[in-house]
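Student: Could you take me through one part of this structure up close? I'd like to see how a domain meets its neighbour, and then how that fits into the whole assembly.

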Number of protein chains: 2
Amino acid sequence: MTKLRVAFQGELGAFSQQAIEQFYRRTADPVPCQRFDQAFAALSSGDVDAAVLPIENTLHGSVHENYDLLLKHDLGIVAETSVRIVHNLIVRPEATFSRIRRVASHPVALNQCLDFFTKHTNIEKVVHYDTAGSVKQLMAEGTREEGAIASDLAANVYGAKIVKKSIEDDRRNFTRFFLLERVANPVRRPRSAGRKQWKTSLVFTTRNVPGSLFRTLGVFALRDLSLAKIESRPLRGKPWEYLFYVDLLAGADDPRLEKALGHLTELCDFQRVLGTYFVV
Amino acid sequence: MTKLRVAFQGELGAFSQQAIEQFYRRTADPVPCQRFDQAFAALSSGDVDAAVLPIENTLHGSVHENYDLLLKHDLGIVAETSVRIVHNLIVRPEATFSRIRRVASHPVALNQCLDFFTKHTNIEKVVHYDTAGSVKQLMAEGTREEGAIASDLAANVYGAKIVKKSIEDDRRNFTRFFLLERVANPVRRPRSAGRKQWKTSLVFTTRNVPGSLFRTLGVFALRDLSLAKIESRPLRGKPWEYLFYVDLLAGADDPRLEKALGHLTELCDFQRVLGTYFVV
């Protein structure tokens, strides 16, 4: 059985790769891409079998860029998972914590560990392009006085050692990831057996008249369909017009879903189903 | 007339300082803070007269951290403005573009200028903690072969020179900022004369029963109050319970607003008005 090739953005050891492991255990080969649009392009062109992309974070909000790319490509969401962003202090195998003087990571990760740096004033922050990449560089050319902040997967991938686990200030830092496939050409999916929770993600625009969102949500509420997410996004250049992102708690076998989507076409200028998928 | 002291997160020359200029022209002294929570604390304690904080970005979504801090502190939103994120290539005054070999900035800014780096393969990307800070460092200890990517304000503040304007890949990159003041102790505000657009921002949680959001939005729709934003945010540890962020197109003198807020208390477990404010 050949392994599936699954694209993600970042270096090996990134949190996105951890999401791939949550979807596939060890049965997929992660394919790193520098940019989100390269991961989408690799999947659209058939270079890879699937792609795993972040869609929102509990501290930093929705990744609008990936919603835009979902609308641009003909791909479907087939599963979602959430990864807790745990930042670990990682050093070379021969190093000890007491000797560490400089710690490198992406500025966003460094900023999520400020309590650690406030407590350890003898340790200097060093910026790096990427969290996992900072571990890669540490192992390639670092010293025993240097550390990096990244996932435990990154420590594993590059053969480094975790000396302090979970040094992030806020433990409520989760990123939600979508697993995408080509709509026309489904491949072997993660097993959905026993998965109880299904969702359907939609994007739509309403007509710019008072109460239009209220009427649109009536399409779901009047059928007792529950929402798991709603978010408006202004359309640039069109003041007071919006895209809406909605996640419904409904699977493809729910007869209310097709009815609701039909009803929605009566009220919306544009609508698109991004996928019906299960939660891993 | 003593100048107002206005806190913001970042170094002098940050996009947040540009928002301060949009609010106050040159009549305020910007006070840099390292962290968002420090800007909130400086305002709460009376160290500064106001604070300007980013609340959402068109590419990166809502800054949930600042929504959390708004709920934690007793401050009010008194105005909003939007800043277009324009990235410029900035060099030392004696430098010329053809000699530049290394360009420093925050990784997020570098990643928003990838087309530029793809076109100029002889220029290396260098990561820095902060966009404006990369200009500060360039002027303090840089060479004629080095550049930085930041706002035109940063070039101005540090006496550097812009050699390429607007090198960002996506021109639809805007950040929305709130101007905050202490609720109990209002100070001299930016002039609102002639401002036509007022907004009111709310946070609320609904009871976890089917159709509860629909009924809640009825509070506004049945009074013809328009929404300028809606966003759900999962409450961690409480599956399927949400905070909702809603912006209404209504000012304090709108009689429907008080009625709607009263009606909302019948349907919500928790609600809070973050402020009624005008758009600059």
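Tutor: Let's start with the domains of one chain, go into one contact, and then step back to the pair of chains. Keep in mind that this is a predicted model. In chain A, the domain assignment gives three domains: domain 1 covers 4–84 + 173–182, domain 2 covers 88–164, and domain 3 covers 198–279. The part to zoom in on is where domain 1 of chain A touches domain 3 of chain A. Taken over C-alpha atoms, the centres of these two domains are 23 Å apart. Counting residues with C-beta atoms within 7 Å as in contact, domain 1 of chain A puts in 10 residues and domain 3 of chain A puts in 12 residues.

Now look at the domain 1 side of that contact. Two elements of chain A, α3 (64–72) and β5 (75–84), each supply at least two residues there. Of the contributors, β5(A) gives the most, with five residues. As for chemistry, this side of domain 1 of chain A splits into six nonpolar residues, three polar and one charged.

Stepping back to the two chains, a rotation of 180° lays chain B over chain A, with 0.0 Å of shift along the axis and an RMSD of 0.0 Å. So what you have is the relation of a two-fold axis. Both copies use the same surface, since 97% of the contact residues of chain B recur in chain A. If you want a landmark for the axis, pick E231(B): among the residues of chain B, its C-alpha comes closest to the rotation axis, at 2.1 Å.

Note on methods:
Residues are numbered from 1 along each chain as its sequence is written. Chains are lettered from A and ligands numbered from 1 in the order in which they are written. This is a predicted model: local features need pLDDT of at least 70, side-chain atom pairs count only at pLDDT 80 or more; totals for chains, interfaces and linings use all residues. Copies are superposed by least squares on the C-alpha atoms of residues with pLDDT of at least 70 in both. Two residues are in contact if their C-beta atoms, placed from the backbone, lie within 7 Å. Domain bounds come from an automatic or database domain assignment. Helices (H or I, at least four residues) and strands (E, at least two) are DSSP runs, numbered from the N terminus. Ala, Val, Leu, Ile, Met, Phe, Trp, Tyr, Cys and Pro count as nonpolar, Asp, Glu, Lys and Arg as charged, and the others, Gly among them, as polar.
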